[in-house]
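Trainee: I have this model open in front of me and would like a close look at one part of it. Please pick the part, stay with it, and then show me how it ties in with the rest.

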Amino acid sequence: MARPREFDRDAALEKALRVFWAKGFAATSTDDLREAMGIGRQSLYGAFGDKRKLYLEALDAYQKRTTSAHLKRLSAGNPIEGIKNLLSGLVAEEDEERALGCMGVGSVGEFGVTDAELNERRNVFGELLSREITARIREGQQQGSIAPKLDPGEAAAFVLVTMSGLQVAARGGASSTHLKAMARFATERLKN
């Protein structure tokens, strides 16, 4: 008879997510994970498989959570307000939280395009976000608040690159004041 699990799997996953987010995949050891999760090696492997499977599950959970938050901010208000909210909402007020940057952007920095499985996962979330940003840009163009001369797809790509840049700058220690100013500056570039 199998022994029942003696820990909260979701809570353990959240703790692993925080370790991977802070340190990345390569710099995180199994011992780092076990210590943060408060579980033994057998429990870790029994519940999550190996370190890579745990990383993928943590990254998926992170991407779902953040993409949902991005879409919520993007849909709030008129298109310009939504894009401004999307960008400025990336900026955490707390220094420690802001310095983590983005786990998804961190995975790009760590793996580039060398990992097909990660690329596929990133593409799913990236394409969803791109589609929604493009739709808001078109909406803003129809309403007259976003410059009609802009190609909606290119403008959406600009917003996505700005998102990544803000997260890298945050990881590099940029202040919330500076990052929010850059979010405003980028949003202004879209206006009519």
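**The largest pocket and the helix behind it**

Mentor: Let's take the largest pocket, and start with what its walls are made of: the lining residues split into 15 nonpolar, 13 polar and seven charged. Keep in mind that this is a predicted model. In volume, the largest pocket comes to about 880 Å³. Its lining takes in 35 residues, and the ones nearest the centre are Gln-63, His-70, Cys-102, Gly-104 and Val-105. If you're wondering how anyone finds a space like this, rolling a probe the size of a water molecule over the atoms shows where empty space is left.

Which helices build the lining? At least two residues each come from helix 1 (9-23), helix 4 (51-75), helix 6 (95-98), helix 7 (103-111), helix 8 (116-143) and helix 9 (152-171). Helix 4 is the top contributor, with eight residues in the lining. So let's follow helix 4, since it takes us out of the pocket and into the packing.

Ala-58 sits in helix 4. Is Ala-58 buried or exposed? Its relative accessible area is 0%, so Ala-58 is buried. Setting aside residues up to four places away in sequence, Ala-58 touches Leu-13, Leu-17, Phe-20 and Met-103. Have a look at Glu-14 while you're there: Ala-58 and Glu-14 are 44 residues apart along the chain, yet their C-alpha atoms are separated by 7.3 Å.

Now go to Lys-51, also found in helix 4. Why does a lysine like Lys-51 count as buried? Because its relative accessibility is 18%, and the cut-off for buried is under 20%. Beyond its neighbours within four places in sequence, Lys-51 is in contact with Phe-20, Phe-25, Ala-26, Thr-28 and Leu-33. Notice that Phe-20 turns up in the contacts of Ala-58 and again in those of Lys-51. For a sense of scale, try going from Lys-51 to Thr-134: they are 83 residues apart in sequence, and 36 Å apart in space from C-alpha to C-alpha.

Leu-54 is another good one to click on. Leaving out neighbours within four places in sequence, Leu-54 is in contact with Leu-13, Ala-16, Phe-20, Leu-33, Met-37, Leu-44 and Phe-48. That brings us to the largest nonpolar core, which has 26 residues, and where Phe-20, Leu-33, Met-37, Phe-48, Leu-54, Tyr-55 and Met-103 have the most contacts inside it. At least two residues of this core come from each of helix 1, helix 2 (30-37), helix 3 (41-48), helix 4 and helix 7. Helix 1 gives the largest share, with seven residues. Apart from this core there is another one, of 22 residues, including Ile-80, Leu-90, Ile-137 and Leu-166. As background, in soluble globular proteins, nonpolar side chains tend to be buried together.

Finally, zoom out. The protein chain has ten helices and zero strands. Of its 192 residues, 41% count as buried. The C-alpha atoms fill a box of roughly 65 × 30 × 30 Å along the principal axes. Among contacts between residues at least 6 apart in sequence, 70% join residues at least 24 apart. As for the outside, the accessible surface comes to about 10,400 Å², and 52% of that belongs to carbon and sulfur atoms.

Terms used:
Residues numbered from 1 in each chain as written. Predicted model: local features only at pLDDT ≥ 70, side-chain atom pairs only at ≥ 80, totals over all residues. Heavy atoms only, no water. 1 Å grid on protein atoms, 1.4 Å probe; cavity = no way out; pocket = protein on both sides within 12 Å on 5 of 7 lines; lining within 4 Å. Points joined across faces, edges and corners; volume = space filled by probe spheres on them. Helix = DSSP H or I, 4+ residues; strand = E, 2+ residues; numbered from the N terminus. Nonpolar A, V, L, I, M, F, W, Y, C, P; charged D, E, K, R; others polar. Core = buried A, V, L, I, M, F, W, Y, C linked by side-chain atoms within 4.5 Å. Buried < 20%, exposed > 50% of the residue type's maximum accessible area, 1.4 Å probe, protein only. Contact = heavy atoms within 4.5 Å. Areas by Shrake-Rupley, 256 points an atom, 1.4 Å probe, with all protein chains shown as cover.
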